[in-house]
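Student: Please take me through the aromatic residues of this model and their surroundings, with the cut-offs behind each term.

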Amino acid sequence: MPEKLYALLLKLYPKHFRGTYGDEALRLVRERARDEKGFLSGLRLVLDLLADLAISLPREYSNAPTTPVAAQPVDGDLTFQLLDERPPNPALLFLAGIFQPCCFGHA
């Protein structure tokens with residue numbers, strides 16, 4: 001179960017991180033899950049994975065290569081065009097919706 005959970009959580013990380021560390025991270029979680037016996041040990045593993053996610057996910061996105069953005073004036077208004085054709089990651093939009101009200105106040 002922790003391995004499947006971590007495989008889902010790993011999808012929240014940037015692509016370059018998953019490509020570099022994804023297989024090794026899954027292997028480590030698999031080995032730890034094998035060594036952890038009992039409900040409390042399994043629960044501790046899941047809590048450790050969630051704590052690691054909370055700490056490392058923002059750090060990895062702050063270190064991730066950024067996608068260039070082009071600014072072009074249209075009818076006197078400044079608009080932005082993303083040069084990346086992929087849609088935004090739904091998990092990141094969800095996290096942004098959670099953290100935006102508590103961290104940046106209301107407009």
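Tutor: What follows begins with the confidence of the model, then turns to the aromatic cluster and to its surroundings.

This is a predicted model, in which local features need pLDDT of at least 70 and side-chain atom pairs count only at pLDDT 80 or more, while totals for chains, interfaces and linings use all residues. Residues are numbered from 1 along each chain as its sequence is written, and side-chain values use heavy atoms, with hydrogens and water left out. The mean pLDDT (the predictor's confidence in each residue, from 0 to 100) is 75 for the chain, and 64% of its residues reach 70 or more. Helices (H or I, at least four residues) and strands (E, at least two) are DSSP runs, numbered from the N terminus; confidence is highest in helix H2, at a mean of 88, and lowest in strand E1 (residues 69-74), at a mean of 55. Where pLDDT is low, the predicted coordinates should not be read in detail.

Now the rings themselves. Rings of Phe, Tyr and Trp (its six-membered ring) pair if their centres lie within 6.5 Å, and planes under 30 degrees apart count as stacked, over 60 as edge-to-face and the rest as tilted. By this rule there are two aromatic pairs. Tyr-13 and Phe-17 form a stacked pair, at 4.7 Å centre to centre and with 20° between the planes. The ring centres of Phe-17 and Tyr-21 lie 5.1 Å apart with their planes at 50°, so this pair is tilted. Phe-17 and Tyr-21 are four residues apart in helix H2, and therefore separated by about one helical turn. Ring pairs thus link Tyr-13, Phe-17 and Tyr-21 into a cluster.

Burial is judged by relative accessible area (buried under 20%, exposed over 50%, partly exposed in between, with a 1.4 Å probe and protein chains only). Tyr-13 and Phe-17 are both buried, Phe-17 with a relative accessible area of 11%, whereas Tyr-21, at 46%, counts as partly exposed. Also in helix H2 is Thr-20, which is exposed at 53%; the side chain of Thr-20 reaches the backbone oxygen of His-16 at 2.9 Å.

Tyr-13 has contacts (heavy atoms within 4.5 Å) with Arg-18, Asp-52, Leu-53, Ser-56, Leu-57, Glu-60 and Tyr-61, not counting residues up to four places away in sequence. Tyr-13 also belongs to the largest nonpolar core, a set of buried Ala, Val, Leu, Ile, Met, Phe, Trp, Tyr and Cys residues joined through side-chain atoms within 4.5 Å. This core has 13 residues, of which Tyr-6, Leu-10, Leu-12, Tyr-13, Leu-49, Leu-53 and Leu-57 touch the most other members. The elements that give two or more residues to the core are H1, H2 and H3.

Helix H1 (residues 2-10) has Pro-2, Tyr-6, Leu-9 and Leu-10 as buried residues. Seen down the axis of H1, these residues fall within an arc of 100° (taken from the directions from the helix axis to the C-beta atoms), so they line one face of the helix. The buried residues of H1 pack against helix H2 (15-35) and helix H3 (39-63), while the face turned away from the buried side carries the exposed residues Lys-4 and Leu-8.

Terms used: Polar contact = N/O pair within 3.5 Å; in protein donor to acceptor, adjacent residues only side chain to side chain.
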